[in-house]
Amino acid sequence: MKKRPLAYITAPWGENEFDNTERAAKYCREAYEAGFSPFCPILIYPMFLREDVAQEYNDMKDMARELLKRSTVLI
């Protein structure tokens with residue numbers, strides 16, 4: 001199995017959460033089809049971390065920053 005390079009996916013985030021999620025997922029799909037392993041913190045972290053809790057918000061930023069450092073490409 002070929003190892004895919006990690007692609008950090010970021011996307012604009014506005015008031016319409018559905019559109020934002022759809023756009024970020026589209027970027028992830030395109031990165032996957034281009035041969036990358038996409039990772040999009042704005043899609044994943046809010047599923048289990050609370051931004052209104054200071055420590056969890058800080059942890060979210062730290063984890064995202066660490067994954068960005070490990071990524072081959074930023075999309």
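This presentation describes the predicted model of one protein chain, from its overall layout to individual side chains.

Good morning, colleagues. Please keep in mind throughout that the structure before you is a prediction.

I shall begin with the overall layout. The protein chain contains 3 helices and 3 strands. Following the sequence from its start, these elements appear in the pattern β-α-β-α-α-β. The C-alpha trace extends about 40 × 25 × 20 Å along its principal axes. The protein chain has 75 residues, of which 24% count as buried. Its exposed area is about 5600 Å², and carbon and sulfur atoms supply 54% of that area. As for contacts with a separation of 6 or more, 54% of them join residues that are 24 or more positions apart.

Let us turn to the sheet. In what order do the strands of the open sheet stand? The order is β2-β1-β3, and the pairing is parallel. The edges are taken by β2, residues 37-39, and β3, residues 73-74; each has a single partner strand, so one side of each has no neighbour in the sheet. Helix α3 packs on this sheet and touches β1, β2 and β3. The direction of α3 makes about 130° with that of β1. Strand β1 covers residues 6-8 and pairs with β2 in the parallel sense over 3 bridges. Within this part of the sheet, Leu6 is placed opposite Ser37 of β2.

Just beyond β2 we come to Cys40, which sits in the loop between β2 and α2. Is Cys40 buried or exposed? Cys40 counts as buried, because its relative accessibility is 2% and the limit for that class is under 20%. Which residues does Cys40 contact, once neighbours within four places in sequence are set aside? They are Ile9, Ala24 and Cys28. A further relation concerns Ala7: Cys40 and Ala7 are 33 residues apart in sequence, yet their C-alpha atoms are 8.5 Å apart in space.

Next, the salt bridges. The count for the model comes to 5, and I shall discuss some of them. Two lie in helix α1, which runs over residues 17-33. There, Glu30 forms a salt bridge with Lys26, with 3.1 Å between the closest N and O atoms. These two residues of α1 are 4 residues apart, about one turn of the helix. Both count as partly exposed: Glu30 has 41% relative accessibility, and Lys26 has 47%.

Also in α1, the side chains of Arg29 and Glu33 meet in a salt bridge, at 2.8 Å from N to O. Because Arg29 and Glu33 are 4 residues apart in helix α1, about one helical turn separates them. Arg29 is partly exposed at 47% relative accessibility. Glu33 has a relative accessible area of 55% and is therefore classed as exposed, since that class begins over 50%.

Helix α3 supplies another example. Arg65 and Asp62 form a salt bridge whose closest N and O atoms are 3.1 Å apart. The two residues are 3 residues apart in α3, again about one turn of the helix. Arg65 is partly exposed, with a relative accessible area of 44%; Asp62 is likewise partly exposed, at 43%.

Helix α3 also holds Glu56. Why does Glu56 count as buried? Its relative accessible area is 19%, and buried means under 20%, so Glu56 falls within that class. Not counting residues up to four places away in sequence, Glu56 touches Phe48, Leu49 and Arg50.

Phe48 leads us to the surface. Together with Ile44 and Met47, Phe48 makes a nonpolar surface patch of about 350 Å². Where in the chain is Met47 found? Met47 lies in the loop between α2, residues 41-44, and α3, residues 54-70. With 71% relative accessibility, Met47 counts as exposed.

To close, I would recall three points about this predicted model. The parallel sheet has the order β2-β1-β3, and α3 packs on that sheet. Cys40 is buried at 2% relative accessibility, whereas Met47 is exposed at 71%. Finally, Phe48 is touched by Glu56 and also belongs to the nonpolar patch with Ile44 and Met47. Thank you for your attention.

Conventions: Residues numbered from 1 in each chain as written. Predicted model: local features only at pLDDT ≥ 70, side-chain atom pairs only at ≥ 80, totals over all residues. Heavy atoms only, no water. Patch = residues over 30% accessible without salt bridge, like charges linked within 9 Å, V, L, I, M, F, W, Y side chains within 5 Å. Areas by Shrake-Rupley, 256 points an atom, 1.4 Å probe, with all protein chains shown as cover. Salt bridge = Lys/Arg side-chain N within 4 Å of Asp/Glu carboxyl O. Buried < 20%, exposed > 50% of the residue type's maximum accessible area, 1.4 Å probe, protein only. Pairing = 2+ DSSP bridges. Contact = heavy atoms within 4.5 Å. Axes fitted to C-alpha atoms, helices over the stretch in contact; angles between N-to-C directions.
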